[in-house]
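Work through the exercises below with the structure in view. Each task is followed by a solution in steps.

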Amino acid sequence: MAYGIWLRLDQSRWNRSDFSTENKLTGTIYTDKNRTVVKNLTGYTIKIRMFKTRTIGDRFNKTADIVTAADGTFSYAIAQGDLPIWGNYEVLVELTKSGVQESTLNQIEFQIMDGPLV
C-alpha cells in the first residue's frame with residue numbers, strides 16, 4: 001500500500017455567519033493522489049484543521065462526523081461562532097486511531113466570506 005491520504009472538500013467557501021445542523025461542511029478522504037480510491041474510515045477520529053499560510057497555529061480545529069466509513073465521507077455541522085475571521089485558509093484533515101495518526105498530504109484552499117454580524 002502506498003503512503004498517504006488526500007482530501008476533497010465539497011465546498012470551497014462558506015459565509016462566516018452561516019451555521020446549520022442540516023447544511024454541513026463535507027468531504028471525502030482518498031488513498032491515492034488522483035482521488036479515485038476512497039479511504040475506509042472505520043475506527044478513525046477525524047479532525048478538520050484550518051490555518052493561514054505562514055502563520056502559527058490552527059484557526060479551526062474541530063472533530064468531524066463520519067458519514068459512511070466505507071465511502072471515506074465525513075461532515076461537520078458548523079455552529080454559530082465556529083468559523084474564524086473572513087479570509088483565505090488552508091484546510092487539511094487529520095485521522096487518528098490507536099497507534100495511527102495521518103494527515104492529508106494535500107491542503108485545500110477554503111474561503112471564509114464576511115457575512116452580516118450576528
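**Exercise 1. Gly4**

Task: Decide whether Gly4 is buried or exposed, and state which residues Gly4 is in contact with beyond its neighbours within four places in sequence.

Solution. The model is a predicted one.
- Step 1: The relative accessible area of Gly4 is 8%. Buried means under 20%, so Gly4 is buried.
- Step 2: Gly4 belongs to the segment before β1, the strand of residues 6–9.
- Step 3: With the neighbours within four places set aside, Gly4 is in contact with Tyr30, Thr31 and Leu105.
- Step 4: From Gly4 to Lys33 there are 29 residues in sequence, and 8.2 Å in space from C-alpha to C-alpha.

**Exercise 2. The chain as a whole**

Task: State how many helices and strands the chain has, and compare the radius of gyration with the globule rule.

Solution.
- Step 1: The chain has zero helices and nine strands. Along the sequence the pattern reads β-β-β-β-β-β-β-β-β.
- Step 2: The radius of gyration is 14 Å, and the globule rule gives 13 Å for 118 residues. These values are close, so the chain is as compact as a globular protein of that length.
- Step 3: Along the principal axes, the C-alpha atoms fill a box of roughly 45 × 35 × 25 Å.
- Step 4: Of the 118 residues in the chain, 42% are buried.
- Step 5: Take the contacts between residues at least 6 apart in sequence; 62% of them join residues at least 24 apart.

**Exercise 3. Surface and charge**

Task: Find what share of the exposed area carbon and sulfur atoms supply, and how far apart the mean positions of the positive and negative charges are.

Solution.
- Step 1: The area exposed by the chain is about 6900 Å². Carbon and sulfur atoms supply 47% of that area.
- Step 2: The chain has 14 positive and 13 negative charges. Their mean positions lie 5 Å apart.

**Exercise 4. The aromatic pair**

Task: Identify the residues of the one aromatic pair in the structure, and explain which parts of the chain the pair ties together.

Solution.
- Step 1: The structure holds one aromatic pair, and its members are Phe60 and Tyr76.
- Step 2: The ring centres are 5.6 Å apart, with 90° between the planes. Planes over 60 degrees apart count as edge-to-face, and the pair is edge-to-face.
- Step 3: Phe60 is in strand β5 (residues 60–68), while Tyr76 is in strand β6 (residues 73–76). The pair therefore ties together parts that are 16 residues apart in sequence.
- Step 4: Both Phe60 and Tyr76 are buried.

**Exercise 5. Two residues of one strand**

Task: Arg49 and Met50 lie in strand β4. Classify each by relative accessibility and list the contacts of each beyond four places in sequence.

Solution.
- Step 1: Arg49 has 23% relative accessibility and so counts as partly exposed. Met50 has a relative accessible area of 0% and is therefore buried.
- Step 2: Arg49 is in contact with Asp58, Phe60, Asn61, Glu90, Val91, Leu92 and Glu94.
- Step 3: Met50 is in contact with Leu25, Asp58, Arg59, Phe60, Leu83, Tyr89, Glu90, Val91, Phe110 and Ile112.
- Step 4: Arg49 and Thr63 are 14 residues apart along the chain, and their C-alpha atoms are separated by 9.0 Å. For Met50 and Glu22, 28 residues apart along the chain, the C-alpha separation is 21 Å.

**Exercise 6. Two loop residues**

Task: Locate Arg35 and Asp18, and say what is notable about the phi of Arg35.

Solution.
- Step 1: Arg35 is in the loop between β3 (25–30) and β4 (45–51). Asp18 is in the loop between β2 (13–15) and β3.
- Step 2: Arg35 counts as partly exposed, at 27% relative accessibility. Asp18 also counts as partly exposed, at 39%.
- Step 3: Most residues other than glycine have a negative phi. The phi of Arg35 is near 55°, a positive value in a residue other than glycine.
- Step 4: Asp18 and Arg8 are 10 residues apart along the chain, with their C-alpha atoms separated by 21 Å.

Technical notes: Residues are numbered from 1 along each chain as its sequence is written. This is a predicted model: local features need pLDDT of at least 70, side-chain atom pairs count only at pLDDT 80 or more; totals for chains, interfaces and linings use all residues. Side-chain values use heavy atoms; hydrogens and water are left out. Helices (H or I, at least four residues) and strands (E, at least two) are DSSP runs, numbered from the N terminus. The radius of gyration is taken over C-alpha atoms; the globule rule is 2.2 Å times the number of residues to the power 0.38. Buried means under 20% relative accessible area, exposed over 50%, partly exposed in between (1.4 Å probe, protein chains only). Contact means heavy atoms within 4.5 Å. Accessible areas come from the Shrake-Rupley method with a 1.4 Å probe; for residues, only the protein chains shown count as cover. Lys and Arg count as positive and Asp and Glu as negative; His and the chain ends are not counted. The place of a charge is taken as NZ of Lys, CZ of Arg, CG of Asp or CD of Glu. Rings of Phe, Tyr and Trp (its six-membered ring) pair if their centres lie within 6.5 Å; planes under 30 degrees apart count as stacked, over 60 as edge-to-face and the rest as tilted.
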